[in-house]
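Visitor: Hi! I'm just starting out with protein structures. Could you walk me through this one?

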Amino acid sequence: MDLFFQQIVNGLVLGSIYSLVALGITLIYGIMHLPNFAHGHLYMLGAYVTFFLITDYGLSYWPAILFAVAILVVIGMLLERLVFRPLHHAPHINSMIASIGVMLFIEAIARKMWGSDYRRLDSPYDGIIDLFGLNITEQRLLVIVSAVVLMIGLHLFLKRTVIGSTIEAMAQNREGAFLVGINANKVSLMTFAIASGLAAAAASLAAPINLVYPSMGAMVNLKAFVIIVLGGMGSIPGAVIGGYILGLAESISGTYINSEYKDLAAFVLLILILTVRPTGLFAKEAR
Amino acid sequence: MRRVWRALFTLSTVVSLLFLAACGNSGGDSNVVTIGWSGPQSGGAALYGKNTLDGMKMAIDDINAAGGIKVGQDQVKLKLVALDDKYLPNETATNARRLKHENGATIIFTPHSGGVFAMQQFNVQENFLIAAYTSEPKVTEAKNPLLVRIPPNYHIYPKPFSEEMMKRFGKKVALVPGTHQYAKDWTALFKQTWMGLGGKIVAENPVDYNKESDFSSAVAKALSAKPDVLFVGGASQPTALIIKDAREQGFKGGVIMMDQAKLEEVEQVLKDPRLLEGVIGVRPASQWPTEGTKKVVDSYKKKFGADKIPTSEVLYHYMAVHLFAKAMELAGTTDDPAAIRAKINDASKQLPSDKIPLSVEGLSEDGALITQPKAITMKDGKYVEIQLSFQ
């Protein structure tokens, strides 16, 4: 039974990381109907920025995360302005291809600038906590808690602030939002900023558990896309719930079925859910 | 009309210039011999690929700085052409053809067994020599006449590793190896050896070392079977994370590392040597007790930073380039692969041990370099060497 609870905790850690990345993708999709394939690479960029702020600039962990989020917010805004806004009136496929281009570009830049080495981001939370007989490292606990805090923060922002409401309005009904005078460009910019900031936060939290290297974003990206399909494209609760479902499914099936088949188990789950609900768990409407 | 002529004129000038430039690169200078390389430069194995290339580049720079090699009457310089194959055998095959036909390479290096298998299909027909950096035994079982395997066969490791760990920790092992082909083959051999020695396998839990965000769930499952020894193996850095996770979850037993993971790299990730207590693996190539090894390790540190240690990939490739260069000198040719391979055995005996790292005793009949690696294990906070037996 201990093993079961241990795996639940492990699943929650995985799920937290997946959810935070998936949230960014689903936000952008909800507003711009753009599957941003480069999102995982923004995550990677966030991890590198945190890493260098700590090792080269001597910042401690939390300030480094804050700065990394701020830097990624700026990068996200630049991407929106320079790459995606000019394509706004072009056929849809153009921005999709542009996002793949951005993805390759970011990875190539990372390899050129920082090399292909694996780097280890040390966090000050290296201790082990004994939680009712379960061993959990402080960093993993931190991932779970911070993810929840970030999600609540995002929720409050969207529901309680005017800017947040404009984003929600755009996601719910584009034409309606225009009619009441919401500036679409501003909202797109804001969405990219938030999504990139979330990616940076997720990366800084997760990086000490794993390693920092140029292709680290690719695998998380793939999982995040699975999650938003599972949760319903553009749905925020869908991304959160979907992330936890996938994380838990992976760790539980890895334990009780076979670790070699755990990706398979996760995808079978995806197929099953999509058979019952083809638009995903929380889709507002079929798109 | 005039504009069209002008455009045509510019275009033809550019094309002819390009043509001339291309000639200058390949055919024009006969005193340069191209060494080909096809390996991963992007994706999860990019670092591994870079290490192999670094070794080759250093060797080629050193050889050229000393004036090149003497083939017949000519002084010949070496040139490296590297193509990315993303670790995919089909890409290696395409690259090998390009390296042979576009760049005129007679010797082509590749650092993975899949790529070697792909090239073996046509290397005799297309007349080039494969320099295979893989310890996969099947590579030499094919008895390809134009192949040289650089590192030793991994068959030598499982038995001494198992005996040592059984003696120190016990007979129950849990397996958490990678899911790539190399790890599968290694694991199969290891299982057979472990059970042959009377051991028991209490859990088998392979995970994809390149696709996990967090290994702790796989490790938790393996440890729930209460093993005495953990078997791990894949690229060094994820392997280190698995060891770290296991220690964090309270595992105090022994750890057997497949030869793909390098202790010197694992050490850099873990930082705390106490986590390595009871780990057994291949001795870092940089600790080979020869003057040449020391020299190359020093010059590597000068080039890449004092805290960097050259891995086996760097050192073996450095040595291999020198070996092939020597063989070309002895054979008196740079484009006859059979003649070059025929001189590898002699060449290996002429490599100066005070300049070249590692020590090669010759070429075995099936085309493998004969070297004598050792195992190493952390015991009471100190590394202890363990002799490997060779049949």
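Visitor: Which helix is H322(B) found in?
Guide: This is a predicted model, and in it H322(B) is part of helix 12 of chain B, which covers residues 312–331.

Visitor: Is H322(B) buried or exposed?
Guide: H322(B) is buried, because its relative accessible area is 15% and the cut-off for buried is under 20%.

Visitor: And what does H322(B) touch, leaving aside its neighbours within four places in sequence?
Guide: With those neighbours set aside, H322(B) is in contact with A59(B), I63(B), L351(B) and I356(B).

Visitor: Cool. Where is V266(B)?
Guide: Look for helix 10 of chain B, residues 263–270; V266(B) is there. V266(B) counts as buried, with a relative accessibility of 0%.

Visitor: What does V266(B) touch, not counting residues up to four places away in sequence?
Guide: The residues it touches are S236(B), A240(B), I243(B), M257(B) and L276(B). There is also a nice pairing to find on screen: Q237(B) is 29 residues from V266(B) in sequence, yet their C-alpha atoms are 6.0 Å apart in space.

Visitor: How much of chain B joins up like that, with contacts between residues at least 24 apart?
Guide: If you take the contacts in chain B between residues at least 6 apart in sequence, 66% of them join residues at least 24 apart.

Visitor: Let's zoom out. How many helices and strands are there in chain B?
Guide: Chain B has 14 helices and 15 strands. Its radius of gyration is 23 Å, close to the 21 Å that the globule rule gives for 391 residues, so chain B is as compact as a globular protein of that length.

Visitor: What box do the C-alpha atoms of chain B fill?
Guide: Along the principal axes, the box is roughly 80 × 55 × 40 Å. Of the 391 residues in chain B, 55% are buried.

Visitor: Which residues are buried in helix 6 of chain B?
Guide: Helix 6 runs over residues 158–168, and its buried residues are P158(B), P160(B), F161(B), S162(B), E164(B), M165(B) and M166(B).

Visitor: What covers the buried residues of helix 6 of chain B?
Guide: The cover includes helix 7 (181–196) and several strands of chain B, among them strand 9 (229–233), strand 10 (254–257) and strand 11 (279–282). Strand 14 (375–379) and strand 15 (382–386) are included too. Just after helix 6 of chain B comes G170(B), with a positive phi of about 140°.

Visitor: Which residues other than glycine have a positive phi?
Guide: Two to look at are H33(A), with phi near 55°, and K143(B), at about 50°. Most residues other than glycine have a negative phi.

Visitor: Where are those two, H33(A) and K143(B)?
Guide: H33(A) is in the loop between helix 1 (2–32) and helix 2 (39–55) of chain A. K143(B) is in the loop of chain B between helix 5 (138–141) and strand 6 (147–149). H33(A) is partly exposed, at 29% relative accessible area, whereas K143(B) is exposed, at 59%.

Visitor: Is R283(B), in a loop too, buried or exposed?
Guide: R283(B), in the loop between strand 11 and helix 11 (291–304) of chain B, counts as buried at 6% relative accessibility. Among the residues it touches are W288(B), P289(B), K374(B) and E385(B).

Visitor: New topic! How many residues does the contact take from chain A and from chain B?
Guide: The contact takes 33 residues from chain A and 33 from chain B. The area buried between the chains is about 2,800 Å², and carbon and sulfur atoms give 50% of that. On the chain A side, Y118(A), R120(A) and E260(A) lose the most area to chain B, together 19% of what that side buries.

Visitor: How many salt bridges are there across the interface of chain A and chain B?
Guide: The rule finds six salt bridges across that interface. In one between K244(B) and D126(A), the closest N and O atoms are 3.9 Å apart. There are also eight residue pairs in polar contact between the two chains, both residues being at pLDDT 80 or more.

Visitor: Which helix of chain A gives the most to the side that touches chain B?
Guide: That is helix 1 of chain A, with seven residues. By class, the side of chain A that touches chain B has 11 nonpolar, 12 polar and 10 charged residues.

Key:
Residues numbered from 1 in each chain as written. Chains lettered and ligands numbered in written order. Predicted model: local features only at pLDDT ≥ 70, side-chain atom pairs only at ≥ 80, totals over all residues. Heavy atoms only, no water. Helix = DSSP H or I, 4+ residues; strand = E, 2+ residues; numbered from the N terminus. Buried < 20%, exposed > 50% of the residue type's maximum accessible area, 1.4 Å probe, protein only. Contact = heavy atoms within 4.5 Å. Buried area = accessible area lost by both parts, 1.4 Å probe. Salt bridge = Lys/Arg side-chain N within 4 Å of Asp/Glu carboxyl O. Polar contact = N/O pair within 3.5 Å; in protein donor to acceptor, adjacent residues only side chain to side chain. Nonpolar A, V, L, I, M, F, W, Y, C, P; charged D, E, K, R; others polar. Rg over C-alpha atoms; globule rule 2.2 N^0.38 Å.
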